[in-house]
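Hi everyone, thanks for making time. I'll put the structure up and then talk you through how it's put together.

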Amino acid sequence: MTSTTSTALQSVLDDIQKRPGTGEVIPIINPVTEEQITEFTDCGPEAVDDAVARAKAAFEAGVWADLPGRERAKVMWRIADLIEEHAEEFAQIDSANTGMPLMQSRLVVPTSAEFFRYYAGWCSKVSGSAYDVKTSGIASDSYVSQHAYTLKEPYGVVGLIFPWNGPIFNACAKLAPALAAGCSSVVKPAEETPLSAILLDRLIAEAGVPEGVVNLLTGYGHTAGAAITAHPDVEKVAFTGSTDVGKEIVRASAGNLKKVMLELGGKSPVLIFDDADLNQAIMMAAMGIFVHSGQGCVCGSRIFVQRGVYDQVVEGIAMMANNIKLGGPDEEGCVSGPLISEKQLKRVMGYIDEGKSGGVNVVTGGHRLDRKGYFVHPTVLADVDRDLKLYQEEIFGPVVTVLPFDDDDEAVAMANETPYGLAATAWTTNLSRAHTLAKKLQAGTVTINCQLVFDHSVPFGGYKQSGWGHEFGPEGLDAYLKTKSVWAQL
Ligand code: NAD
């Protein structure tokens with residue numbers, strides 16, 4: 001770490017300790033060393049009230065929402081430039097906070113900055129539609145002409161709540177479209193990983209976003225997050241996190257019937273057919289679950305393999321699992337880091353223990369590493385009873401089940417049998433089969449002969465209990481806009 005980056009880390013650590021708070025003290029733990037990095041005080045519900053009041057005042061004053069789109073776009077480009085100027089600081093902060101390999105954090109920062117450029121382009125393109133309408137007049141055979149049109153208007157104050165698995169990415173994915181639409185926001189990162197949001201908050205101000213438009217809150221979900229979702233002046237909540245908390249948010253938002261966008265959990269299936277490029281499929285299916293120690297929403301945690309190539313694929317994925325080097329951000333050649341917390345470690349080990357006592361075949365892994373840190377050996381499970389919780393529920397760790405199938409129908413039936421519907425993958429060289437599967441798989445994203453693909457322009461959202469609404473692409477902007485219909489008699 002250079003002196004500039006260590007100064008940046010120190011300055012956000014100093015900042016978070018000074019933030020006003022009235023609630024419990026929250027420790028931030030380094031998941032590689034299990035040592036406390038710092039602690040801060042939960043902001044408490046009064047800080048949420050203040051933040052919402054500031055956001056509402058800024059919105060009503062029109063300091064941001066009423067700027068011409070092209071002016072908002074210029075500021076958003078500046079935010080992107082500033083993030084890139086501070087890229088190494090962001091990477092160091094997020095790696096120190098999450099334990100993620102530096103190589104990975106360094107890739108994530110420019111991608112995160114790009115959200116602001118992508119949505120900057122949309123600032124000047126927010127528009128409605130026009131309709132020439134003829135409605136029935138008083139006499140049955142007469143018509144009256146009206147000119148009708150729609151206006152796209154920002155929601156107002158939006159609550160942005162997101163998890164720890166990609167701190168800077170998650171923050172930018174929500175803030176960029178919210179700002180492009182003209183909304184004011186209250187922003188709550190995960191209590192485990194609030195540090196990079198502090199640097200981002202500073203840069204947003206430096207870029208020229210007026211005071212009160214973006215308001216950062218640091219605290220727990222059950223306190224600060226719950227206060228945001230229940231707040232009568234918050235018009236919409238955009239949430240990324242677990243399906244259980246997503247349901248709580250829906251219940252809490254009923255008070256003012258606030259709109260809710262949910263990006264939730266997954267239990268994504270990966271189907272490998274015997275005609276696939278097996279080397280590629282094995283490599284990508286393994287990376288698709290073991291990267292970031294399985295802490296990615298689209299991780300393919302259930303792999304189904306056509307029976308004739310089953311043994312070969314299980315062996316290949318196990319070999320990949322055994323070759324993945326786990327370690328802290330500074331350890332040479334590491335591909336993956338630890339789980340985020342002791343709580344997650346216990347959760348993941350709980351599922352593995354359920355499997356062991358339920359008679360699954362632990363092909364490899366199944367244990368934590370014999371070292372400090374919340375590291376779990378990439379784990380491959382076969383002969384899995386599909387009633388087990390480890391097969392039905394999201395584990396959010398480096399654990400994959402691999403089961404055989406005989407034909408397409410059986411593969412689709414198993415792929416679709418959980419309550420989740422975030423992503424699904426098919427590995428096959430048969431084009432007709434691939435596109436038939438794309439229709440049949442109940443998932444918001446289907447990837448064919450690829451995994452872990454992403455672009456800012458392509459909408460992303462969950463089917464079934466994996467979410468409501470979309471992020472990214474034009475749909476991601478629309479999520480922060482409401483539609484008004486205007487009628488004028490001609
Ligand atoms: P989580 O649901 O526990 O927490 C997510 C955020 O919600 C945190 O900021 C937390 O403080 C807050 N929160 C918790 N309780 C709350 C409440 N009652 N009211 C308001 N806010 C509350 O999730 P997690 O364990 O931090 O993250 C992992 C989950 O996130 C996984 O389920 C994963 O699949 C999901 N995820 C989904 C996507 C996606 O795009 N679909 C992306 C990343 C992660």
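I'll go through the domains, then their sheets, then the contact between them, and end on salt bridges.

Before anything else: what you're looking at is a predicted model. The domain assignment splits the protein chain into domain 1, which is 3-264 + 467-489, and domain 2, which is 269-455. Take the centres over C-alpha atoms and domain 1 and domain 2 sit 31 Å apart.

Okay, the six-stranded sheet. It's an open one with mixed pairing, and the order reads E7-E6-E5-E8-E9-E19. Strand E7 (214-216) and strand E19 (467-468) are at the edges with a single partner strand each, so each has one side without a neighbour in the sheet. Further in, E5, residues 157-161, pairs with E8, residues 236-240, in the parallel sense, and there are four bridges between them. If you want one to click on, isoleucine 161 has phenylalanine 239 in E8 as its bridge partner. Packed on this sheet is helix H6, residues 167-181, touching E5, E6, E7 and E8, with its direction at about 170° to that of E5. Then there's helix H8, residues 221-230, which lies across E5, E6 and E8 and runs at about 160° to E6.

Now the other sheet. This is an open sheet of seven strands, again with mixed pairing, in the order E12-E13-E14-E11-E10-E16-E17. Its edge strands are E12 (361-364) and E17 (445-448), and each of those pairs on one side only. From one strand to the next, the twist averages 25°. E10, residues 269-272, and E16, residues 423-427, run parallel and are joined by three bridges. There, isoleucine 272 stands opposite tryptophan 427 in E16.

Helices on this sheet: H11, residues 310-323, touches E10, E11, E12, E13 and E14, and its direction makes about 55° with that of E12. H15, residues 431-440, lies across E10, E11, E16 and E17, at about 170° to E17.

Next, where the domains meet. How many residues are in contact between domain 1 and domain 2? It's 24 from domain 1 against 29 from domain 2. Between them the two domains bury about 2,000 Å², with 63% of that on carbon and sulfur atoms. On the domain 1 side, Val32, Glu34 and Trp164 supply 28% of the area buried against domain 2, more than any other three residues.

For polar interactions, we count six residue pairs in polar contact between the domains, both residues at pLDDT 80 or more. Helices H4 (87-98) and H5 (102-123) each put at least two residues into the side of domain 1 that touches domain 2. H5 gives the most there, with five residues.

And salt bridges across the domains? The count is one. Glutamate 34 and arginine 368 meet through their side chains in a salt bridge, at 3.3 Å, N to O. Remember that Glu34 is also one of the three residues leading the buried area on the domain 1 side.

Over the structure as a whole, there are 20 salt bridges. Another one to look at is arginine 117 with aspartate 81, at 2.8 Å, N to O. Arginine 117 is in helix H5 and aspartate 81 is in helix H3, residues 69-85, so this pair ties together parts that are 36 residues apart in sequence.

That's the tour, over to you.

Technical notes. Residues numbered from 1 in each chain as written. Predicted model: local features only at pLDDT ≥ 70, side-chain atom pairs only at ≥ 80, totals over all residues. Heavy atoms only, no water. Pairing = 2+ DSSP bridges. Contact = heavy atoms within 4.5 Å. Axes fitted to C-alpha atoms, helices over the stretch in contact; angles between N-to-C directions. Domains from an automatic or database assignment. Buried area = accessible area lost by both parts, 1.4 Å probe. Salt bridge = Lys/Arg side-chain N within 4 Å of Asp/Glu carboxyl O. Polar contact = N/O pair within 3.5 Å; in protein donor to acceptor, adjacent residues only side chain to side chain.
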